[in-house]
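Biologist: I should like to learn how to read this model feature by feature. Could we begin with the strands and then turn to the ligands?

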Amino acid sequence: MPSFVNPEKCDGCKALDKTACQYVCPNDLMVLNKDTMKAYNQEPDQCWECQCCVKICAQQAMDVRGYADFIPLGASVVPLRSSDSIMWTIKFRNGQIKRFKFPIRTTPEGKAEPAGGWDTKANIDDFTLFTEPASLGLETVAAPGTKTWKK
Ligand code: SF4
Ligand code: SF4
């Protein structure tokens, strides 16, 4: 079952230009009805059920059926995201509740380096990747189709 929005909980992320669910969906499925300020999945057939929108929604207004490989039919799965982990709450059909917490990052918030600490000033016309030759453990790399070593 694709993602769906509980309109009673959705506040349209009203302070944002783009809602959190719109921002995060890898398939660009979420849209905001600006009249009602409620989001909805515009193309449910294309939903991968990846749960990204469910995890990011601060109002816990989104839901997706849990995968059968980790919960039985009829159970609900509710993620609660914090800055360093997600607390998952599983509610089974018989009312039993289980919670487990997973870390979601290995670096403090705001400290991740986009280029992994590598020098990004590489020449775009260069045939090497921007981390090379150091990431290969080399001092130089041969140009493709040649035996010429780059200095
Ligand atoms: Fe509504 Fe949640 Fe989407 Fe924000 S992220 S628009 S609150 S469903
Ligand atoms: Fe998009 Fe994934 Fe949410 Fe489906 S579950 S709407 S693919 S973010």
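Modeller: A strand is a DSSP run of E of at least two residues, numbered from the N terminus, and two strands pair if DSSP finds at least two bridges between them. This is a predicted model, in which local features need pLDDT of at least 70, side-chain atom pairs count only at pLDDT 80 or more, and totals for chains, interfaces and linings use all residues, while side-chain values use heavy atoms, without hydrogens and water. Residues are numbered from 1 along each chain as its sequence is written, with chains lettered from A and ligands numbered from 1 in the order in which they are written.

Biologist: Which residue stands opposite Ser76 in S6?

Modeller: Lys91 of S6 stands opposite Ser76. S5 and S6 pair in the antiparallel sense over 6 bridges, and 3 residues lie between them in a hairpin.

Biologist: What is the order of the strands in the open sheet?

Modeller: The sheet has 3 strands in the order S5-S6-S7, paired antiparallel. Its edge strands are S5 (76-81) and S7 (97-103), each of which pairs on one side only. Strand S6, residues 85-91, is joined to S7 by 7 bridges, again antiparallel. Across from Trp88 stands Phe100 in S7.

Biologist: Let us move to empty space. How many cavities of 30 Å³ or more does the structure hold?

Modeller: Rolling a probe the size of a water molecule over the atoms shows where empty space is left. A cavity is a set of points, on a 1 Å grid over the protein atoms alone, where a 1.4 Å probe fits but cannot get out; lining residues have an atom within 4 Å of a point. The structure holds 1 cavity of 30 Å³ or more. The largest cavity offers about 110 Å³ of space, a volume being the space filled by probe spheres set on the points, which are joined across faces, edges and corners. Its lining comprises 15 residues, and Cys25, Leu29, Cys47, Cys50 and Cys53 are the closest to its centre.

Biologist: Where does ligand 2 sit?

Modeller: Ligand 2 sits in the largest cavity, in the sense that more than half of its atoms lie within 2 Å of the grid points. Among the residues around ligand 2 (a heavy atom within 4 Å) are Cys25, Cys47, Trp48, Cys50 and Cys53.

Biologist: Which residues surround ligand 1?

Modeller: Around ligand 1 are Cys10, Asp11, Gly12, Cys13, Thr19, Ala20, Cys21, Ala39, Cys57, Gln59 and Met62.

Notes: On a 1 Å grid over the protein atoms alone, a cavity is a set of points where a 1.4 Å probe fits but cannot get out, and a pocket is an open set with protein on both sides within 12 Å along at least five of seven lines; lining residues have an atom within 4 Å of a point. Helices (H or I, at least four residues) and strands (E, at least two) are DSSP runs, numbered from the N terminus.
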